[in-house]
Every structure is written in structure tokens, then in C-alpha cells.
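Biologist: I should like to learn how to read a model of this kind. May we go through it feature by feature?

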Amino acid sequence: MTDLPTRSIDLKNVLSGSAPTADHSEGMSYLQSVPRRIVTLYLPLTIIVVVLLFPFYWMALTSVKPDEQLLDLDRYNPFWTWNPTFKHFHKLLFESYYPHWLWNTMYVAICATVLSIIASVLAAYAIVRLRYKGANLVGGLIFLAYLVPPSILFIPLATVVFQYGLFDSPMALILTYPTILIPFSTWLLMGYFKTIPFELEECALIDGASRWQILIKIVLPLAIPGLISAFIFCFTLCWNEFIYALTFLQSTSNKTVPVAIVNEFVDGDIYRWGSLMAGALAGSLPLVILYAFFVEHYVSAMTGAVKE
Amino acid sequence: MADVVVASQAKPQFREASAWDQLKYNRNWLGFWFMLPAMAFLIFFLAYPLGLGIWLSFTDTRIGRVGQFIGIENYQWLWDDAIFWLSVFNTLLYTIVASALKFAIGLYLALLLNENMPFKAMLRAMVLIPFIVPTVLSALAFWWIFDSQFSIISWSLKHLGLISQNINFLGDTTWARICVIFANIWRGVPFVAITLLAGLQTVSPSLYEAATLDGATRWQNFRYITYPLLTPIIAVVMTFSVLFTFTDFQLIWAMTRGGPVNATHLMATLSYQRAIIAGQLGEGAAISSAMIPFLLAAIMVSWFGLQRRKWQQGESND
């Protein structure tokens, strides 16, 4: 709707240090002495980062520790292990449905994301560029849809899914996840489409291109960074989704990773921790790897949705 | 301007525009076709269920049985239900404490990350990892960290000589609340910090230089430059944060499932328990419908935040 004061957000700069701000802030940092910087900057920063990352270290460590070390805190130092084992991962991969669950999650996430991106591209283009009657109102309604949380929809959706005969099938998730993803990605793509100059479209119209051709051949190639952002963010949201998957799926082999780990691995076994953490780690790794490659796109997706 | 061209295409000189041409070239019809897939999803799986949910809350539907309209009986029932009120209290406590701390720590972290230092890019990327990892999976890590017997925190505190017995983190009502709130803050801080950092980078450094020349302290720099310029983005970020904290489900479900003695039951988890596990769809729907007024309040706050932002910039409300 409106841009922020003074300067619009330069997304690449949020993560890279090469912000224009960085050049100037050098100018004022001489005002601070080194000891003062350590106390006011490095120390609190280290504490926060350690707290933020500790659970992952703990997850990874637990998943490679032998069982007896996990439960005997007196004889072994719990913060490290000298004889890592892949027993828990082996159990996960060959003695459980884990590969199945991983595949289900991936399949649902990709299908739902692709469906939502297609629908959102069309919707965002229509709202921003076709500007049909009531386009602004529809844009506002889509933003409101973004604010409707799954936790107030899952009960009626469960009855709807049941009526349509989709209960306990991946289709239930593929069709319901877009309700979370479409508002978000439409809003994000609207922001990207607005930055594409009108003149390009006008030229194409004069040369006889249809709206469809303009969208496919001109707008989409220019909006590729936005599409990547929307895609990976939607994918992450799908992977993360829990309550729909918990409600709509019943049979063990159909479940997605988050639901399956919570329901199938949590038994009374005192030795469950190793495989539980191995499962959690293996379920997070695909997203973390994706994130490592597309850090800037994640940030632009996050800030883009808030900025508008 | 582009539309003028379309309009002239739609009315060729030599024949009248047929109905088919209208469907193909008219701006409003084209808009309709382009909106169709998104609207179909949102109407069938969002708007319709939203209405259906409110309707269900006025019926006595159970799983496998169509309900009768029973008026506001579900709500009357909830009004006298101590567990429901406990869940409302828990939800408000959870939302207020977690959101306030998320805001404070997130803003602080954003300010720290905005400083010039080595490995800046890598640090910023690392901070966001808790936001990327699925909530349930990190909640499981917290479950293990807060285990009653083998908690690493209890172990460390014991070895430091601060406590003599293990803390029963998730078994004690107060501790359980603290733990779930901590886990929620842990998960939410990166989002708040990174979005506020994006806002911070739009603030021109020359403002700080000018203020410092005029003798402003660091606190005054923050209070009179950073904070006012950041207010609009804070309003939006905090609305999202409050909204998603209020309706949180997965973190609680993975860590405590509402226990011990309902001390961590939020409205979302209670509605799941009543509707899906106990099968009382009508009552569960009433609990989740009871969240709607709170959500509307949060949206209103966001709306007025945005209004103020336009007013501050001296722009017209377009």
C-alpha cells in the first residue's frame, strides 16, 4: 500500500553487509571504544545466537549418541560424544515408515505450492494490471484471508473434507493448503508485479499480444525472483503445517513428517529419544538446505509480505 | 493506458463485439477469468468453512452425526465451563507475555544486527534458522531439553551447584507455562528481528549523524529517531505476531498437549481436543468461533497502525 519512510527496503541488503548504510555507519563507529563494543554488542549477540542455535546442536548431538550415553549423565559428559552412531538413522530409514512420510510431505508440499503459485500469479496479475472493477476490494479481501488462521478453520474443514470424500488422502491437504498459501503469495507477487514497468506491456499490446501472452512472455520472466521467493516460502509453510495434516489424515503410511513424528514415535519407550531427534533432524534438513541456497529470497518473502 | 488499447481491440470497426469477444477482451471479464482459480480455492476452502464453523457452533453436531440447531446452548455451556475460561486465561497470558518479550528481544536483536561487524551476513542468516525449521520438530527438541529426568538444563544447573534436584519442567504448572512461552519466544524472535532489521536499514544514517552532532545520546537516538521511523513496520509485525501466537496450536500440542492439569491448554488446543478427540464438533466449533472477536481486535489494531503510518507520511489514503 505504502512504502516505508525515507528509503524503500532494499531486500538484498538485509542479509548482505553491503548496504549503503554500512558505508556510512563506519563513520560513527569510532565513537565507541573496543571494550564498550564487546559489552554492548558482541556479548549479548553471542548469548542470543547461542540460545537460538542450541536446540539444533542438541538435536544433532542426541541423534548420533549411543543410547547408554543418552541416559547416563553421570559417567559421560552430555555435551559431547566421542563415539557417534548412526543406529538411530538406520532405524529411522529401514525400520519405520519414515521414507514414506518424507515422500508424502514432499509430494503434498510441491503439489500445493505449484497449485497456489499458478492461482496467485493469475490473481495478482489481474489485481495489479487488469484493474477490473473492484480489484482493490478483492485485494483487501485477500489480505484479510491471510489473517484467518488454520486453527479456527480446521473443524469445519474436517467436515467439508469428509463430505467431499477426501478424508485420509493427500488430496485433502493439497486442496486445503492453498488457502494458507494463496493469500500470502498473491500479496507478495502483487508487490513484484507493481515494479514491472507499464511501458513493456503497452509495447506488447501494440504489437498484438494478448493478456495471456503478456503474462507468460513478459511479466513472468521479469518476476522470477518474486516467483522463487513465493515458491520456497510456500514450500516451507507446507512443510511446517501441522493442524490440517493432524486432523485430515489417519492411516500411518499417509502421514506427513511433523504429524508422524509426534504421533508414531512418541511411545513409552525410554530409548525413544535418539530416533525421535534423528527424525526431527532429518525432517528439518531439507528445509535448512533449501534455506542455505536461497537466504535472500526467504528474507524478501518475509519482509515483502509485511511491507505491503 | 494499456486498457485503452484493449478497449479499442474489443470493438473492431467492421463488426459489433460479440458476446464471445466480450468474454475474451473485456477488462472485467478477463479479470474474472484470471481470478477464478484463486477465488475457487478461497471460497470453497476458506470462506465457506468459516461460515460453516460459525453455523456448527450453533448445533450439536458430533463426528458421524448431523447436528440439530440448538441456538446458543454451546456458548451457554462454555460460559459455565471452568476449563474453557482457564484456556482463555492461558491464551491471553501466553499471547501477551510471549508477544511483549518477542517484541523486546526482537527489536534488541535487530538493533544489534544492524551494527557493523565481521561475519554480518552469516550471523543474520543463522539467526533466521529457528523460523525455517518446522515448529513441531523444534518443539520436540525443546521437549527433550525440558525432559523431567534427563534435561540438560537441570544437569547444568546441578553441576553449577544452583539446584539440588531436577526441575520438573513440563510437569509443574508454572514451569510448563514458562517453558511453552519460552519455546514460542525462541521461535518468534527471528521473524520479528529480521523484519525489523529490514525496516531499520531504511533509516538514513545521516539522521543519526546530525543528532549526534547536536549532542544526542544513544538512547535519544533510539527514542527520537529509530523508534518513530520504525513504528509503522512495528505495528504490522506485531499484529502478525499476536495473531499467530493467539491461534498457536502445534507448539503446545507437541510439547504438552495442554497438560499438566490443563495449565497450558490454549483455545486452539482445547477446541481440537473437544472437537476431534472427543468428537463434539459443535462445542469445538464454538470454542474456535470464540477466538474470532479477539482476532478482529488484533486486525483493527493493525488497521489503525497502517492509518497512522499514512498520516505520518502526509500521504493521501489511497
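The dialogue below takes up the fold, a helix, a loop, a helix pair, the core and the interface.

Modeller: Please keep in mind throughout that this is a predicted model.

Biologist: How many helices and strands does chain A have?

Modeller: Chain A has 17 helices and 0 strands. Of its 308 residues, 46% count as buried. Sequence separation is also informative: among contacts in chain A between residues at least 6 apart in sequence, 79% join residues at least 24 apart.

Biologist: What span should helix H6 of chain A have, and what distance separates its end C-alpha atoms?

Modeller: One compares the expected rise with the model. Helix H6 (residues 98-130) of chain A has 33 residues, so at 1.5 Å a residue it should span 48 Å; the C-alpha atoms at its ends lie 46 Å apart, which agrees. Just after H6(A), A:Arg131 adopts a positive phi of about 45°.

Biologist: Where is A:Gly134 placed, and why does it count as partly exposed?

Modeller: A:Gly134 sits in the loop between H6 and helix H7 (135-146) of chain A. A residue is buried with 20 or more other C-beta atoms within 10 Å and exposed with 12 or fewer. A:Gly134 has 13, and is therefore partly exposed. Its C-alpha atom is separated by 46 Å from that of A:Ala282, 148 residues away along the chain.

Biologist: Are helices H14 and H15 of chain B roughly parallel or antiparallel?

Modeller: The crossing angle decides, and angles over 145 degrees count as roughly antiparallel. The axes of helix H14 (residues 267-277) and helix H15 (residues 281-289) of chain B come within 7 Å and cross at roughly 170°. H14(B) is therefore roughly antiparallel to H15(B). Among the residues that meet are B:Met267 and B:Leu270 in H14(B), and B:Leu281 and B:Ile287 in H15(B). This contact comprises 6 nonpolar, 3 polar and 2 charged residues.

Biologist: Which residues touch the most other members of the largest nonpolar core?

Modeller: That core contains 166 residues, and those touching the most other members are A:Tyr125, B:Leu140, B:Ala193, B:Leu196 and B:Met255. Leaving aside residues up to four places away in sequence, B:Leu196 touches B:Gly106, B:Leu107, B:Ala110, B:Leu230, B:Ile233, B:Ile234 and B:Val237.

Biologist: How many residues of chain B are in contact with chain A?

Modeller: An interface is read by its extent, its main contributor and its composition. Here 95 residues of chain B contact 97 residues of chain A. Helix H3 (residues 27-56) of chain B gives the most to chain B's side, with 17 residues. By class, that side has 69 nonpolar, 18 polar and 8 charged residues.

Methods
Residues are numbered from 1 along each chain as its sequence is written. Chains are lettered from A and ligands numbered from 1 in the order in which they are written. This is a predicted model: local features need pLDDT of at least 70, side-chain atom pairs count only at pLDDT 80 or more; totals for chains, interfaces and linings use all residues. A nonpolar core is a set of buried Ala, Val, Leu, Ile, Met, Phe, Trp, Tyr and Cys residues joined through C-beta atoms within 7 Å. Two residues are in contact if their C-beta atoms, placed from the backbone, lie within 7 Å. Helices (H or I, at least four residues) and strands (E, at least two) are DSSP runs, numbered from the N terminus. Ala, Val, Leu, Ile, Met, Phe, Trp, Tyr, Cys and Pro count as nonpolar, Asp, Glu, Lys and Arg as charged, and the others, Gly among them, as polar. The expected span of a helix is 1.5 Å times one less than its number of residues. Axes are lines fitted to C-alpha atoms, for helices over the stretch in contact, and angles run from 0 to 180 degrees between N-to-C directions. Angles under 35 degrees count as roughly parallel, over 145 as roughly antiparallel, 65 to 115 as roughly perpendicular and the rest as oblique.
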